[in-house]
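Got a model to pick apart? Let's go through it label by label and ask what backs each one up.

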Amino acid sequence: MSKHVLGIDIGGTGIKGAVVDVETGALLTERHRIPTPQPATPQAVAQTVKQLVAHLNWKGPVGCTFPAVVQHGVTLSAANVDNAWIGANAEKLLEDATGLDVIVLNDADAAALGEVAFGAGKGHQGLVLMLTFGTGIGSGLILDGKLVPNTELGHLELGGHEVEPWASGKAKEEQELGFKRWTKRVNRYLKHLEMLFTPDLFIIGGGISKDWSKFGDMLEVKAEIVPAVLRNNAGIVGAALAAQAVRDGKIGAINSDLMPTSLPSSLEPQVVKASTPKPRASRVKAAQTDTMPSSEAVTSESKPDLALKTPSSSELKPQKPSKIP
Ligand code: BGC
């Protein structure tokens, strides 16, 4: 019998949801969208999720994405969302608001799960790195069908600057970058990621992926690189898959262990010990200049966690754009 789960994708501008058949990845209802309340405080978002659940008249399990680090249902960062989310127990909030069983995971992790199960990464073994280019840059890393959660590679630094505010879809729009110029930035980033991870496949998702025909040919990596195919539905489908895996007892909690991505019926049981997570630092105020990260490799300061530090004022100063190598 088919298993049905409500998948919800919480974003900065919209909260979208649909009931998903987790055996096929098919959406079984309309995809309903409600604008994200502003300010997007935990209470306001929880009420909107409740509204969405009521609109779809849903009474079963719920899988939900969130654009931040999520560990054991607790949101630990807030790069593009209200700071009140740092340390909030998102799962409990949404369960209390809806009266349903809810699991919450990072949005790019969910999108990667959806794409690997039913989309551009279907059937791929080895290391798959999905990147979403939208308001932020999200990353989902999947090794042999299992997710390594919360990689947060959009916050990597290149040449002393954080990549997200320099190469996201939002940066392209706000800094009025044409596809050629934006793609040069993305190539710098992708090459760096390729040096660090050597993935077998890159999947490019997020709002920008609908314009693949305008930049796909200009991307320069050794690995295969493809656009996401589930488009806006990847997060909804991936969230539903994750919720089903938890329900099936295949994993005790997501984001604390490797996350199975194949169809739930093929998942291996995994036991996860929950621990109390500590909130990370708040949002990053990174340089919004047109500065090109220098061609040096990552600075000695650069490690993923540094994305969550506040750059010094000299880092925030506009610098002369350097040449793209
Ligand atoms: C957040 C990530 C998220 C990405 C895409 C980043 O700013 O830190 O958690 O996946 O945006 O929404």
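Q: What makes the pair between E164 and the ligand a polar contact?
A: This is a predicted model, and in it an N or O atom in the side chain of E164 sits 2.7 Å from an oxygen atom of the ligand. The cut-off for a polar contact is an N or O pair within 3.5 Å, so 2.7 Å qualifies.

Q: How much of the ligand does the protein cover?
A: On its own the ligand has 310 Å² of accessible area, and the protein covers 93% of that.

Q: Which distances put H155 and N80 in polar contact with the ligand?
A: For H155, a polar side-chain atom is 2.7 Å from a ligand oxygen. For N80, the distance from a side-chain N or O atom to an oxygen of the ligand is 3.0 Å. The limit is 3.5 Å, so H155 passes and so does N80.

Q: Which residues come closest to the ligand, and how many surround it?
A: The ligand has 14 residues around it, and the closest are N106, D107, E152, H155 and E164. Helix α3 and strand β11 (137-143) each put at least two residues into that shell. As for the space the ligand takes up, that is the largest pocket.

Q: How do you know that the length of α3 fits a helix?
A: Helix α3 runs over residues 107-118, which makes 12 residues. At 1.5 Å a residue the expected span is 16 Å, and the end C-alpha atoms are 16 Å apart, so the two agree.

Q: Why is α3 called largely enclosed?
A: Because 11 of its 12 residues are buried, the rest of the structure largely encloses α3. Among the buried ones are A108, D109, L113, E115 and F118.

Q: What makes N106 a cap for α3?
A: A side-chain oxygen of N106 lies 2.9 Å from the backbone nitrogen of A108, at the N-terminal end of α3. With the polar-contact limit at 3.5 Å, that distance counts, so the cap label holds.

Q: Why is A111 called buried?
A: A111 belongs to helix α3 and has a relative accessible area of 7%. Buried means under 20%, so A111 is buried. A111 and D9 are 102 residues apart along the chain, with their C-alpha atoms separated by 9.5 Å.

Q: Is V116 buried or exposed?
A: V116, also in helix α3, comes out at 8% relative accessible area, so it's buried. From V116 to V128 is 12 residues along the chain and 8.2 Å between C-alpha atoms.

Q: How do you know that α6 spans what a helix should?
A: Helix α6 (residues 179-197) has 19 residues, so 27 Å is expected at 1.5 Å a residue. Its end C-alpha atoms are 25 Å apart, which agrees. Its buried residues include F179, W182, R185, Y189 and E194. Just after α6, T198 has a positive phi of about 45°.

Q: What makes the backbone at N150 worth flagging?
A: N150 is not a glycine, yet its phi is positive, at about 60°. N150 lies in the loop between β12 (146-148) and β13 (157-158), and its relative accessible area of 13% makes it buried.

Q: What is the sign of phi at E152, and why is E152 called buried?
A: Phi of E152 is positive, near 55°, and E152 is a residue other than glycine. E152 sits in the loop between β12 and β13. Its relative accessibility is 14%, and the cut-off is under 20%, so E152 is buried.

Q: Why does G207 count as partly exposed?
A: Its 43% relative accessibility falls between the 20% limit for buried and the 50% limit for exposed, so G207 is partly exposed. G207 is in the loop between β15 (201-205) and α7 (212-215). F133 is 74 residues from G207 in sequence, with 6.4 Å from C-alpha to C-alpha.

Q: Why is S77 called buried, and which backbone atom does its side chain contact?
A: At 3% relative accessibility, S77 is under the 20% cut-off, so it's buried. A polar atom of its side chain lies 3.0 Å from the backbone nitrogen of V69. S77 is in the loop between β7 (74-75) and β8 (88-89).

Notes. Residues are numbered from 1 along each chain as its sequence is written. This is a predicted model: local features need pLDDT of at least 70, side-chain atom pairs count only at pLDDT 80 or more; totals for chains, interfaces and linings use all residues. Side-chain values use heavy atoms; hydrogens and water are left out. Helices (H or I, at least four residues) and strands (E, at least two) are DSSP runs, numbered from the N terminus. The expected span of a helix is 1.5 Å times one less than its number of residues. Buried means under 20% relative accessible area, exposed over 50%, partly exposed in between (1.4 Å probe, protein chains only). A polar contact is a pair of N or O atoms within 3.5 Å; within protein, one must be able to donate a hydrogen and the other to accept it, and residues adjacent in sequence count only if both atoms are side-chain atoms. A residue is near a molecule or strand if one of its heavy atoms lies within 4 Å of it. Accessible areas come from the Shrake-Rupley method with a 1.4 Å probe; for residues, only the protein chains shown count as cover. On a 1 Å grid over the protein atoms alone, a cavity is a set of points where a 1.4 Å probe fits but cannot get out, and a pocket is an open set with protein on both sides within 12 Å along at least five of seven lines; lining residues have an atom within 4 Å of a point. A molecule sits in a cavity or pocket if more than half of its atoms lie within 2 Å of its grid points.
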